[in-house]
Amino acid sequence: MTADVWLPIPPEEIEGLPDGPDYLFWDGGEEFPADPADCAFYVVPYMRPSDRCVRPLPEMSGVQVVQTLSAGIDHVLPGLGQLRPGVRLCNARGVHEASTGELALALILASLRGIPDFVRAQDRGEWTGGFHPALADKNVLIVGYGSIGAAIEDRLAPFELARVARVARSGRTSARGPVHPFTELPVLLPEADVVILSTPLTETTRGLVNADFLARMKDGALLVNVARGPVVDTKALLTELESRRITAALDVTDPEPLPPGHPLWQAPGVLISPHVGGPTSAFLPRAKRLLTDQLSRFVNHEPLRNVILTTGSTGA
């Protein structure tokens, strides 16, 4: 029997899709493209609300693979409990590293060099100079050293840093040097001039950046969040920002979208971008390559890439 594949990108725009499945376009609209029970491979719509992404899952009795186009999977986790055992959940490792690495670097440089103040002065027609810190000679700490964390370090490499420290769930050795476990954060935080968050949102990382974490950051340090908003305790961050002890550059917030009138908008020393780490011109070519590869593997019964969990297994 021919299986259906639901794609959030029109299938005619993806070169190299393997023959066999029926490819159907669905980007989170009200109407489903076909009976969800016939879907074998579900590619989750990108940058859509969680409730819309998981809406077809209860009816997908025959689904074998759920593929996100994001690095994080937290938006689909609420729907996995309604799937039969054995469904593989895959993320989009390899799709967002370039875009997110670029944005992390842009946020760091803009914050350190005072670019938001220059833009405001330009709007007023004022020539406003001043002294600003450079990225050169800084100690940088990357919290969450997966593929995106490594991509961020690649882009930091030419900037003559004093040191890069790396932290992940467990310690290991990477191509660029040692990766420390989370348990060593209390020792590493006071040494960092720039702390970059690129960790996935899990029960372990939710609220990781709390009052204690922030208190251990050195005076004048910059916190950069390109991970997920709930990794940071917003109330604790606001306390530190309002004291002007640290600064922050946030691509993600909690809550998100950040509502009008929220105190983060007006907090001193904060630069906010509206969760734009992934959606750039780099996204589609990489997403299409991932889907072509994954679907070729699926059709040919080969091991899939980026399998994060399998429903019904321990810990899923």
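Buried means under 20% relative accessible area, exposed over 50%, and partly exposed in between, with a 1.4 Å probe and protein chains only. The model is predicted, so local features need pLDDT of at least 70 and side-chain atom pairs count only at pLDDT 80 or more, while totals for chains, interfaces and linings use all residues. Residues are numbered from 1 along each chain as its sequence is written, and side-chain values use heavy atoms, with hydrogens and water left out.

**Exercise 1.** Place Asn 300 and His 301 in the chain and classify each as buried, partly exposed or exposed.

Solution.
1. Asn 300 sits in the loop between helix H10 (283-299) and strand E14 (307-310); helices (H or I, at least four residues) and strands (E, at least two) are DSSP runs, numbered from the N terminus.
2. Asn 300 has 47% relative accessibility, so this residue counts as partly exposed.
3. His 301 is in the loop between H10 and E14, and at 75% relative accessibility His 301 counts as exposed.
4. The backbone of His 301 has phi near 55°, a positive value in a residue other than glycine.
5. Along the chain, Asn 300 and Pro 18 are 282 residues apart, yet their C-alpha atoms are separated by 9.2 Å.

**Exercise 2.** Find the peptide bonds into Pro 255 and Pro 257 and state whether each is cis or trans.

Solution.
1. From Asp 254 to Pro 255 the bond is cis, with omega near 10°.
2. From Glu 256 to Pro 257 the bond is cis, with omega near 0°.
3. Pro 255 lies in the loop between E12 and helix H9 (263-266), and Pro 257 is placed in the loop between E12 and H9.

**Exercise 3.** Locate the salt bridges made by Glu 153 and Asp 154, and compare the burial of the partners.

Solution.
1. A salt bridge is a side-chain nitrogen of Lys or Arg within 4 Å of a carboxyl oxygen of Asp or Glu, and the structure holds 13 of them.
2. Glu 153 pairs with Arg 166 at 2.9 Å, N to O. This pair links distant parts of the chain, 13 residues apart: Glu 153 in helix H5 (residues 147-156) and Arg 166 in strand E7 (residues 163-168).
3. Glu 153 is buried, with a relative accessible area of 5%, and Arg 166 is buried at 6% relative accessibility.
4. Asp 154 forms a salt bridge with Arg 176, the closest N and O atoms being 3.0 Å apart. Arg 176 lies in the loop between strand E8 (172-174) and strand E9 (177-181) and Asp 154 in helix H5, so the pair ties together parts 22 residues apart in sequence.
5. Arg 176 is partly exposed at 41% relative accessibility, and Asp 154 is partly exposed with a relative accessible area of 40%.

**Exercise 4.** Describe the salt bridge between Arg 163 and Glu 191.

Solution.
1. The two side chains meet at 2.5 Å, N to O.
2. Arg 163 is in strand E7 and Glu 191 in the loop between helix H6 (185-188) and strand E10 (194-197), so the pair links distant parts of the chain, 28 residues apart.
3. Arg 163 is partly exposed, with a relative accessible area of 34%; Glu 191, at 34% relative accessibility, also counts as partly exposed.
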